[in-house]
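This report concerns helix packing and strand pairing in a single model. Please consult the sequence and the structure shown here while reading.

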Amino acid sequence: MMMGGGHGFGGGGMMRGGGPGVWAREKAELKTPLGQLLGRIGGVLGEFKKALFWALATLIFAALLQMIPPYATRYVVDHIIPQKNGTMLPAIAVAMILIFGFRYWLMYTSRITVSNISQQFVYAMAKNLFEHVERLSLKFYEREGTGEIISRATSDINVLQQAMQGGMVQAGAGLFNMVAYAIVLLVLDWRLALLVYAGLPLLVGASYTSSELLRVRYMKVQERISAVNGVLAENIVGVRVAKAFAREDESSARFVDRNKENLDANMATAMVQAISGPLIQFIGVASTGLVLWVGATRVMGGSLSVGTLVAFVSYLVQFYSPIDDLIRINATIQQALAAAERVFEFMDERADVVEKPAAIDLGADRPVDGHVTLDDVWFSYIPGIPVLKGVTIDAPPGTMTALVGHTGSGKTTVVNLIPRFYDVDSGHVYVDGRDVKDLTLESLRAHIGVVLQETFLFSTSIRENIRYGRLDATDAEVEAAAREAHAHDFIMALPKGYETNAGESGNLLSRGQRQRLALARAILRDPKILILDEATSDVDTETELLIQQALERVMKGRTVFVIAHRLSTIRKADQICVMDHGELIEKGTHEELLAKGGKYRELYEIQFAGEEESAVAAG
Amino acid sequence: MGILVRLFRFVRPYWWATAGSITLIVAVTSLRLLPAWFTKRVIDDAIPRGDGKLVAEYVGLFMLAALFFNGLTALETYLEQFVGQRVIYDLRNALYKHLQSQSMSFYDANQTGQLMSRVTNDVSQVQFFLTQGIARLVNTIATVSIYAVMLALLDVQLLMVTLIVAPAIWLLQEQLKKAMPLMRQVQRQMADLNVVIQEYVAGVKMIQAFSREPFEAKRFDDVNRDIRGNRMKQQQIMAIVMPGQEFFMNVSVALILVAGAWRVMNGSMTLGTLVAFQSYVMTMWIPVRWIGMINQMAQQAMAAGERVFEILDTALEVAEKPSAIVLPKLRGEIEFQNVHFAYGKNKPLLTDVSFHADPGETIAIVGPSGSGKTTVINMIPRFYDVTSGRVLVDGHDVRDVTLSSLRSQIGIVLQETFLFNMTIRENIRYGRSDATDEEVERAARAAAAHDFIMDLDDGYDTMVGERGARLSGGQRQRIAIARAILVDPRILILDEATSSVDTRTDFHIQRALDELMRDRTTIVIAHRISTIQRADQILLLNQGQIVDRGTHRELLRRSGLYQHLYEIQFQLQAEAKQQLAGVAAS
């Protein structure tokens, strides 16, 4: 049992420095100015310019039609009632109902248009976000963590959708109503109208200030939801440990803490809403009172008719009536803006592993040999703390290279650079003499098969999980690969055979069985370069042997990199690279290195001492 | 509606705030009548009299009323959020606690992303309704009731005319019920989306290695597209309902105007009354416009609430009996009596397993891959319940004792080490929360972990990252061992997996484990020769059955399967020995 110790998906170098974890994000702050944020949202909506224009035009028209009731009232009060001539009344009623019917149709069509646009928008935001995040390198995933990524793609998108679904039409209609009534007020009596306008800066100022406050606080709410998501993901995956140690209370406490922070963040927004909403409303009502006072005085002075005052006040009530709605919608919209900022923040995340525009396909001009070369490679996860220090390895086609060394010596990092999971700080990684940076990622990775220590199975059938290696593989090919990986027999023994759901029945499969599925997946891919990152650790001896046999067949004709602890595997390697603290300190065959009497021999003897002790006890 | 009733049960602890909130809504709604009433006084009373002082008086009262009801509104808004947010907080906690009490088979059957979605997305939908919908609903009911009374006082006949449209508005609301199945689907699809993302993050390295980003993007897109489609359909219904409501309200305003004008001309009504009446009706309709929205939120909350309660209603498979006793301090005797186990109707994983371990004994479990070794050890801390038979600890059936008293006396080192995203110190202390720093350090030393911990920049205060990702496999394992050492359990369960540790530490760990196993009852899934040699009894497991048992020598003598398993391992080790000897000789 030799030289194990790979890394989790972080890689050993990550341990130092303790980058920001999920709950390290303490400060809620707005990084994007409102105008810029709205501009970007507008940019996404720009696609629907024509439909949007049509919907807006319809809304404006519908808003204009909504002004008919007060107008009709005024006409009836000023003309029909004084003349006591009711013959016109039925006609007025019918006309009004017809106009409202028309308005209903207008509202219906514009609603459909707006809701379609909203749903397209939300759909596009989610799609763009996911596809962008997909392009980001492992560094991003290590930094952000499960909770943060899931939250932005679900919770933040949901908030956007809620605002779109619940608010946009109402807000749009409400605002147009206000503008339209503002004009009517002006036409009706410009002096009273100016009095109303005088109060508007107050109204706008209060709304703007509270909006900004809400947006910051909602930013915090969304961040807290991320934290809830993070602790949730962790506790669900780690539930077995919590149960094993009877520490459910502790896990629970951690969840409750995050939940409480979310509650507090929500209450902080409630405070702003409680104060700002009624304040804004009061400004509206107070201005109506003022109009009533001035108007009444003028009526008594004879410069205004009662009918006009009644109509004006009635229009004014209509003018302010959307405010109630707008205040509520505004809260949703501010939350959506905070969410949008978070979504855009991820979309702005620059991919650090980027394909060059001129990148060429590996194997486009000649068959791929699988010649891998690392040339003076330096690499660090955190700037200033190198994990690899000038590593040079040449692996000719069809050879096997074993990487050995203590935990944290950089073995996994070396193999992570071949499929370009990360970019080197300096030096080069070549495949068939081409710098991996000059190749398209897909063509590069298409020729590399990776079997990791921890097998990740998707919650689909076992067949689909194997087919993941090559999507166009036939069922027969899938089964052939499974046979080669010694997986076919145990698969057939499962209740539903190849159709068994691997994710849900994860517990039906032992670790060794999952490992063999991963191997089948790699076999199906038929790569020129095969990377086995502790693929055979932690399995029982029989499985180990089965995998070994499978591997020996599979390795033929491929360039293989293996991080393993089994002597039997390492001994067969064409070259063994001994890593120590990020440096390649010894290189050679098993025999050469043993004879050399250096670090390799030291490692070997320590292991042997352990096993000898066992052997003596056995004897 | 059952769902909403159940939701309201969560409101009960805050009945005082709820009652206060409702009282305030009613009060505010009533006070809101005052400005219109004072307007009426100005027009009907003050202006005809030409009394400027009276106008000022009325307007002053108008302002005072406005100031008052807006102040109350602020208080009410806060109270309503206070209740809504706390109910959601409680609901989430209840849901989480119930989730956590579920047995392992529940977690085997449900995807992480699915469960997460219920605690976050579904609860958020309920939250939306509770914090935004309910207050509006109460407001609407209060407004309509109060205004209906006012309108009745003003003119009953005209009120009748107004209410002609009420059935039509009600019929429109019925349409929204059609949206309910769509919303259920959306909630389900949201969970599916969560699964795609969660799996992506968990398997990102594998996905990128296989260049399967387009495939995953398609998985995401399929669900995302379905959600869009369902929401569009749902919005189609809303597009009929929402403007429809407004249409009927407008119709009522037109009818009032015409009927009212008639009455004024008859002289059976004053002009001021008509103006006031119409203005009241318009005010009454404002909150009613929200009914469609509220209804939609309620439907959404119900669809999501169903999913929340579905989890809360899932019976606990491994549940403590009400009569469960606290297990006294253990001596460490373990007995399996004819234990059978199967997942539901799947083929049995364990068949008639019986064995006995005296305190302090070491029982090694050996067997081929998939033979049920892990299942056996899972039965002792009662991660699963037996299908039949009994598991006894010190003579107590594990189903008769409290889970925490059982599990806190069992130390477990699993093959897959899971660390929490906390500091190393906290992760070790997870074994026993009242351990002092010295005890933590001692445990770390015993697990050969102290040295590498001290090498880290922040030592014991280093954050380990998600699932311990910032540490290597070997480092993670040593922390897990330290965690178990700290528990100082009478029973130790070991899934031997020392192979991911490099050789030197492997050796130290073996010593630490040997120390740990001394004087404790140990059940170990053995992969090492030294372990099986020392075991008091070896259980040879094959296809869920104990096919043989005995000491190493006994089994080696009589069991072909055991010999086979042993040889595989021994052969490798013997070859290594030979080779080193050969090199040394040359």
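The sections below treat a helix pair, then one helix by itself, then a sheet.

## Helix packing between chains A and B

The model is predicted. Two packed helices are described by the angle between their axes and the distance between the axes. Here, helix α4 of chain A (residues 88-135) and helix α11 of chain B (residues 213-266) have axes that come within 7 Å and cross at roughly 160°. Angles over 145 degrees count as roughly antiparallel, and α4(A) and α11(B) are therefore roughly antiparallel to each other.

The crossing of α4(A) and α11(B) is right-handed. Sorted by class, the residues in the contact of α4(A) with α11(B) are 27 nonpolar, nine polar and 10 charged.

## Helix α11 of chain B

With 54 residues at 1.5 Å a residue, α11(B) should span 80 Å. The C-alpha atoms at the ends of α11(B) are 78 Å apart, which agrees with that expectation.

The residue that follows α11(B) is B:Gly267, and its phi is positive, near 90°.

## The sheet of chain B

Chain B contains an open sheet of four strands, with antiparallel pairing and the order β2-β1-β4-β5. The edges are occupied by β2 (350-357) and β5 (396-397) of chain B; each has a single partner strand, so one side of each is left without a neighbour in the sheet.

Strand β1 of chain B (residues 334-341) runs antiparallel to β2(B) and is joined to β2(B) by five bridges. B:Val339 has B:Val353 in β2(B) as its bridge partner.

Key
Residues are numbered from 1 along each chain as its sequence is written. Chains are lettered from A and ligands numbered from 1 in the order in which they are written. This is a predicted model: local features need pLDDT of at least 70, side-chain atom pairs count only at pLDDT 80 or more; totals for chains, interfaces and linings use all residues. Axes are lines fitted to C-alpha atoms, for helices over the stretch in contact, and angles run from 0 to 180 degrees between N-to-C directions. Helices (H or I, at least four residues) and strands (E, at least two) are DSSP runs, numbered from the N terminus. Angles under 35 degrees count as roughly parallel, over 145 as roughly antiparallel, 65 to 115 as roughly perpendicular and the rest as oblique. A crossing is left-handed if the near helix is turned anticlockwise from the far one by less than a right angle, and right-handed if clockwise. Ala, Val, Leu, Ile, Met, Phe, Trp, Tyr, Cys and Pro count as nonpolar, Asp, Glu, Lys and Arg as charged, and the others, Gly among them, as polar. The expected span of a helix is 1.5 Å times one less than its number of residues. Two strands pair if DSSP finds at least two bridges between them.
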